[in-house]
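Visitor: Please put the model on the screen. I have some questions about it.

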Amino acid sequence: MTLSSSSPSRRVASDQLGPHPDLDARVERHRRHAFRRPPHTASVAAFERAGAWLAAQGAAPLILDIGCGTGDSSRALAHAHPDAAVVGIDKSAARLIRRRRTNSPDNLLLLQANALDVLPRARAAGWRCDRVALYYPNPWPKAAQLNKRWHGSPVFADLIALGGQLELRCNWRTYADEMQLALRAFGVASEVGTLAVATPISLFEAKYAASGHTLWRLTANLGAARLD
């Protein structure tokens with residue numbers, strides 16, 4: 001798969017000078033209080049379809065690609081791990097349709113759904129992941145947008161409960177630093193370092209690399225989390 005992007009990308013600009021001062025309190029509040037928002041009907045139907053598809057995959061290890069965009073990263077994961085069942089989730093039909101003619105391997109399911117609805121249901125259903133990918137999530141860089149970042153989200157504990165090896169890639173160091181701090185609240189150690197790109201895994205990665213951004217990578221074992 002060859003990915004390229006000709007238009008340059010601006011670097012992330014934020015009114016934060018480092019990790020958000022309310023991060024610890026936000027993580028702890030969401031940890032203690034379950035997400036109660038009524039789910040979207042379409043997301044519930046998509047989750048049920050994913051459950052049926054996973055059941056048909058037997059004992060294949062599960063790889064979850066959250067916010068998969070056009071699905072390029074999910075396809076790359078499915079090709080790299082042919083014995084795994086890869087589920088890519090994105091709430092945007094426009095992004096998923098954008099590359100719908102790209103051939104997808106049989107071990108891949110692309111799901112149009114809101115992950116805020118899917119993750120609590122996946123946890124309740126007992127999904128256990130081998131890998132969880134968060135590739136270039138929207139940084140929501142304004143300080144007032146902390147709750148829109150995955151580590152500030154009300155479903156962060158549900159994501160962690162799925163277990164597996166987490167890989168976050170982003171082009172904003174603060175996002176990786178905040179994720180590391182939020183994981184630490186669950187007893188999860190992580191490593192953060194720069195990422196050298198040979199073959200971009202997504203159009204975003206291609207664009208950021210071509211624009212000269214420093215790319216950051218965080219890895220962690222979610223199976224070590226303390227959820228009580």
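Visitor: What radius of gyration does the protein have, and why does that agree with a compact globule?
Guide: This is a predicted model: local features need pLDDT of at least 70, side-chain atom pairs count only at pLDDT 80 or more, and totals for chains, interfaces and linings use all residues. Residues are numbered from 1 along each chain as its sequence is written, and side-chain values use heavy atoms, with hydrogens and water left out. The radius is taken over C-alpha atoms, and the globule rule is 2.2 Å times the number of residues to the power 0.38. For 228 residues a compact globule would come near 17 Å, so the protein agrees, with 17 Å.

Visitor: Which strands are the edge strands of the open sheet?
Guide: Helices (H or I, at least four residues) and strands (E, at least two) are DSSP runs, numbered from the N terminus. Two strands pair if DSSP finds at least two bridges between them. The 7 strands run in the order β3-β2-β1-β4-β5-β7-β6, with mixed pairing. Two of them pair on one side only: β3 (108-112) and β6 (190-194).

Visitor: In β7, which residue is the bridge partner of Glu167?
Guide: Strands β5 (residues 165-170) and β7 (residues 216-221) pair over 6 bridges, in the antiparallel sense. Within β7, the partner of Glu167 is Thr219.

Visitor: At what angle does helix α2 run to β3?
Guide: Axes are lines fitted to C-alpha atoms, for helices over the stretch in contact (heavy atoms within 4.5 Å). Angles run from 0 to 180 degrees between N-to-C directions. Helix α2 (residues 41-56) lies across β1 (62-66), β2 (85-90) and β3. Its angle to β3 is about 170°.

Visitor: Is Asn107 buried or exposed?
Guide: Buried means under 20% relative accessible area, exposed over 50%, partly exposed in between (1.4 Å probe, protein chains only). Asn107 sits in the loop between α4 and β3. Its relative accessibility is 10%, so Asn107 counts as buried.

Visitor: Which backbone oxygen lies 3.0 Å from a polar atom of the Asn107 side chain?
Guide: Asn107 touches several residues, among them Trp53, His81 and Ala84. The backbone oxygen of His81 lies 3.1 Å from a polar atom of its side chain. At 3.0 Å lies the backbone oxygen of Ala84.

Visitor: Against which elements do the buried residues of α8 pack?
Guide: Helix α8 (residues 203-210) has these buried residues: Leu203, Glu205, Ala206 and Tyr208. They pack against α3 (72-80), α4 (93-98) and β5.

Terms used. Polar contact = N/O pair within 3.5 Å; in protein donor to acceptor, adjacent residues only side chain to side chain. Lists of a residue's contacts leave out its neighbours within four places in sequence.
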